[in-house]
Structures are given as structure tokens and as C-alpha cells.
Amino acid sequence: MADATKRVALITGANKGIGLEVARQVGKAGCTVLVGARNVELGREAALRLKVEGHDAHFIALDVVKPETIKRAAEEIERNFGRLDILVNNAGIAALGRDGAPSTADIEAVRATIETNFIGALAVTQAMLPLLRKSKSASIVNVSSELGSITGHTTPEWKFAHVRAIGYSASKAAMNMMTAQLALELAGTAIKVNSVNPGYTATDLNKHSGPQTVQEGAAETIRLALAGPDGPTGGFYETGGTLPW
Ligand code: NAP
């Protein structure tokens, strides 16, 4: 039976990259970690690795674009833990080479990116909300990106103003809208909702071109996931501050 004193955290796309590091650090902080992954073998391997490191980690099969796996994951969490305290919507893709400028981006790549990064996160959130409502103090962290900042893209001197990836940027802007609206919808409840920009981090997503380590990329997500009842809600954060929407 689950230890009722431990917070229960679900991280989607936790078999590698930023998600795996978030899972590791949340486990280190004493939470039960549910390692969400679409690939059973990779997910089991990641959960086992965290267990060997001493964390209370469990694999949970979850493909954010497959509704039946989301439903099964919610049922499994209900059965084994009865509630959820932390949800990190981390799973994400970037269609490198196919996404691009609004005038030319491959429409199927744009559709797939929005389906995973936004619809997937929204669907997982909806399925997990009844479990999050059972927590005394819950946190939803949406792993967004500065590339989702419309203010950034309309500021010519901004460092990423030249980047054209309409599918990826739109998916993260939509995710940010979900953060803003859900935080308002849940105002007065015990559930906080925030977006985080990890910053440009070396992972498979960008063929390891980012200058940050996964530890650096995961830090702000971990801070907000663990912030507790006095933490903020309805914001867009990165390490050291906030970002414009
Ligand atoms: P990554 O190493 O490629 O990890 C992405 C994770 O998402 C993998 O575990 C992947 O699983 C999983 N995933 C993809 N589609 C999924 C689906 N349909 N269902 C479940 N899991 C799925 O990339 P990362 O950089 O750590 O990315 C994590 C998050 O950070 C993403 O949301 C990304 O947009 C965001 N982000 C990253 C950066 C950066 O510079 N790296 C910057 C800003 C934001 P598989 O192993 O099965 O593919």
C-alpha cells in the first residue's frame, strides 16, 4: 500500500532528458515518482535506474496522444495511490527540419507538434484533475518554452526573434494559455498551475545543441513542482525570474 505521507508526482516523458532529471530530483526530495513514458522498455529502464539510485520510482505507461493510455494511467494512480500531488506536463516533440516559417512549415509536422505538446498536455491534465483535487496541496507544471512567448517574437531585438518554428512556438503559446486559464479556473482551490521555460538545454529534442545541462534545464520545473501551498500560480517562469507571455 502507498505511503500516505509521501507526495505522489507524475512526470510525462520522463524516460530521458529534462523529464528524467525532474523525476530524479523530485524523487530525491522524498516524493513517490511516477515515470510516465510511451515506450514501455525505456520507461521501465528509467524507473529502474531511479530505483537503483534510491528513489521511490514506478514506471507508468502513458502516451499523451493516446487517450486510452491516459485513462488507464489515471485509473492505475487512483487504484495505487488514491490521489496525485504533482503533475509535470513535460512530454514534448520538435519536428526539426519539417517545422518552420508559417508560410512553408509542413502542415502534418505542425499538427503532430500541437497534438503532442498542447492537446496531449491538456488531455493528461483533464484526466488527472480529479486525482489532483484530492491533494491537500497540488502543483501542475507545464513545461513550456520561451519560443512560446508572443511578446518575445514581437520584439525584434529578442535573442530568438529569428527562430521560425510555427508548430513548436504555437504549441507552447497554447500551453501557456492553458496555464493562464486553468490557474484562473482553479483559483481558490489547492491546485497551483504554472508554465516553465527550461531554457536551451542539450537533449535529444535539439540534437544536443543547447548550452545548458539537463540539471540546469530541470531546475525551475523542480522548484515549482515542489513549491507547496505558498507557491505561485498562473505564472510563466524560468530560473531567476518570470517571462512575458
Ligand atoms: P527529449 O530528451 O527529447 O525528451 C522528450 C520526452 O518526451 C521523451 O521522453 C519522449 O519520449 C517524450 N514524448 C514525446 N512524445 C510523447 C508522447 N506522445 N507521449 C509521451 N511521451 C512523449 O527532450 P527534452 O528537451 O527533455 O524536452 C522536455 C520538454 O522540455 C519538452 O516539452 C520540450 O518542448 C521542453 N523544452 C526543451 C528545451 C530544450 O532546449 N531542450 C527548451 C524549452 C522547452 P520518447 O523517448 O519515447 O521519444
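Let me start with what a pocket is: on a 1 Å grid over the protein atoms alone, it is an open set of points with protein on both sides within 12 Å along at least five of seven lines. A cavity, by contrast, is a set of points where a 1.4 Å probe fits but cannot get out. Lining residues have an atom within 4 Å of a point. A molecule sits in either one if more than half of its atoms lie within 2 Å of its grid points.

Now the model. It is predicted, so local features need pLDDT of at least 70 and side-chain atom pairs count only at pLDDT 80 or more, while totals for chains, interfaces and linings use all residues. Residues are numbered from 1 along each chain as its sequence is written, and side-chain values use heavy atoms, with hydrogens and water left out.

First, the ligand. Its space is the largest pocket. Helix H1 (17–28) and helix H6 (166–185) each give two or more residues to the shell around the ligand. Helices here are DSSP runs of H or I, at least four residues, numbered from the N terminus. There are 27 residues around the ligand, counted when a heavy atom lies within 4 Å of it. Asn15, Asn90, Tyr168, Thr201 and Thr203 come nearest. By class, the shell has 10 nonpolar, 12 polar and five charged residues. Charged means Asp, Glu, Lys and Arg; nonpolar means Ala, Val, Leu, Ile, Met, Phe, Trp, Tyr, Cys and Pro; the others, Gly among them, are polar.

Next, polar contacts, meaning pairs of N or O atoms within 3.5 Å. Tyr168 places a polar side-chain atom 2.6 Å from a ligand oxygen. For Asn206, also through a polar side-chain atom, the distance to a ligand oxygen is 3.1 Å. Gly199 uses a backbone N or O atom, 3.4 Å from an oxygen of the ligand. How much of the ligand does the protein cover? It covers 94% of the 890 Å² of accessible area that the ligand has on its own, by the Shrake-Rupley method with a 1.4 Å probe.

Back to the pocket. It holds about 1200 Å³ of space, a volume being the space filled by probe spheres set on the points. Of its 47 lining residues, Gly92, Ile93, Ala94, Tyr168 and Leu205 are closest to the centre. H1 gives the largest share of the lining, three residues.

Last, the cavity. The count is one of 30 Å³ or more, and the largest has a volume of about 40 Å³. Asn90 and Met175 are among its lining residues. Helix H4 (residues 107–132) gives the most, three residues. No charged residue lines this cavity.

Methods: A polar contact is a pair of N or O atoms within 3.5 Å; within protein, one must be able to donate a hydrogen and the other to accept it, and residues adjacent in sequence count only if both atoms are side-chain atoms.
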